[in-house]
Amino acid sequence: MYSEEHLYSIALRESSLIGDINFHKLVRTFGSAKAAWENARKEYKKLDGFGKKIIADIENPGHLKFAERELKFCETQNIRINLRHLNDLPPLLNECDDAPAILYQKGSFDSSGPKVSMVGTRNITAYGKQFIHDFFEETKSCHFLSVSGLALGVDKEVHEQSLHHQIPTAGVLAHGFHTLYPSKNKKLAEKILEEGGCLLTEFNSSRKPDRENFIQRNRIVAGISPATVVVETAFGGGSISTATYANLYNREVYALPGKITDKQSQGCNHLIFQHKASAISTVKGLVDDLGFNKPKTKTEELFPYSEITVQFTGNQKIVFDAISGNPHISLDDLADRINLSSHKILPVILELELLGKVKSFSGRQFVAI
């Protein structure tokens, strides 16, 4: 189930001063975690910006012993170990410069379908609950994955509404799989796995739910989806950091506005005021902006739907078919998939947008309409 590369990746990441970015530089230079572990101290001059202090803790035998124990733990707990340098991470998360070198996973995660991250305060109000309820009612016939942080409040409501409407959901943890915080959500976590969702964390089994871990966790919540929705948050709430990461990654950010006198709306209002989030005016408008492919319902039978047939050119059909089969595909991935250069693809996408067949999102991602 696991290879030597998993072993040395865990040991290397456990070394002092080897964070996710330095880890990525090491494996890029030496070709693998094992090669970096065995050669970095001797050949550190190959590494731009690395001094003896950074690589001093590599080859520490204690880290290898820890890695061996971690592999045994993951095996007994049925935990998948995703390595970034082996392209195991969800594609959008992998695009982030500070993406986790290792992502531990329980359950199933569908990387191919649409996703939305929804976050907010632990002190959810009736207003926030109603919005989440209305959002999942509107999207109950859509096919997408919801992502949140498995905290109390907004996160809990997002996961529960997802399960109620049989929508797969992913919870991103701020600690290792040896525990579950908050403990009140233990049954919810089990239900997420039972219903085909997943739990994700970058932290190994030695890591407790320390305060700083939650901010670090938030970048995964933001990076894994093309859009983040902030439901309710006060000034300085943890969700502000999630929105900040989403903006940094050039993702769409939406915030639910509220009264300026309501504490749990002040953070959302401020994001909107600073142009760091788009204001949500209606649930339907948000769902349309997210580009979810909602099947036609029985209501539409009262108003017969007639679709205008568009005759595609050769390149238009190739590009449209590739986007249609891969929602939220990036320009670079599209170019690789159809073997056509980016500068030739962009004019075709513009033509498809004018025909009303394709919608583009920030970060040069596209969906078929």
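Here is a walk through two spots in this structure: a serine in a loop, and a strand with its neighbours. Keep in mind that the model is predicted.

Let's start at Ser15, which you'll find in the loop between α1 (4–14) and α2 (20–30). Is Ser15 buried or exposed? Its relative accessibility comes out at 4%, and since buried means under 20%, Ser15 counts as buried. Now look at what surrounds the residue. Leaving aside residues up to four places away in sequence, Ser15 touches Trp37, Asp57, Ile58 and His63. There's a polar contact to pick out as well: the Ser15 side chain reaches the backbone oxygen of Ala11 at 3.2 Å.

Next, move along to strand β7 (residues 227–230). In a regular strand, side chains alternate between the two faces of the sheet. You can follow that here: Ala227 and Val229 point one way, while Thr228 and Val230 point the other way. Which of these four end up buried? All of them do.

So what does β7 pair with? One partner is strand β3 (residues 115–119), which runs parallel to β7 and is joined to it by three bridges. If you want a residue to anchor your view, take Ser117, whose bridge partner in β7 is Thr228. Strand β8 (residues 252–255) also pairs with β7, again in the parallel sense, over four bridges. Here Val230 has Ala255 in β8 as its bridge partner. To get from β7 to β8, the chain passes through helix α11 (residues 238–248), and this β-α-β crossover is right-handed.

Methods
Residues numbered from 1 in each chain as written. Predicted model: local features only at pLDDT ≥ 70, side-chain atom pairs only at ≥ 80, totals over all residues. Heavy atoms only, no water. Helix = DSSP H or I, 4+ residues; strand = E, 2+ residues; numbered from the N terminus. Buried < 20%, exposed > 50% of the residue type's maximum accessible area, 1.4 Å probe, protein only. Polar contact = N/O pair within 3.5 Å; in protein donor to acceptor, adjacent residues only side chain to side chain. Contact = heavy atoms within 4.5 Å. Pairing = 2+ DSSP bridges. Right-handed = clockwise from strand over helix to strand, strands pointing away.
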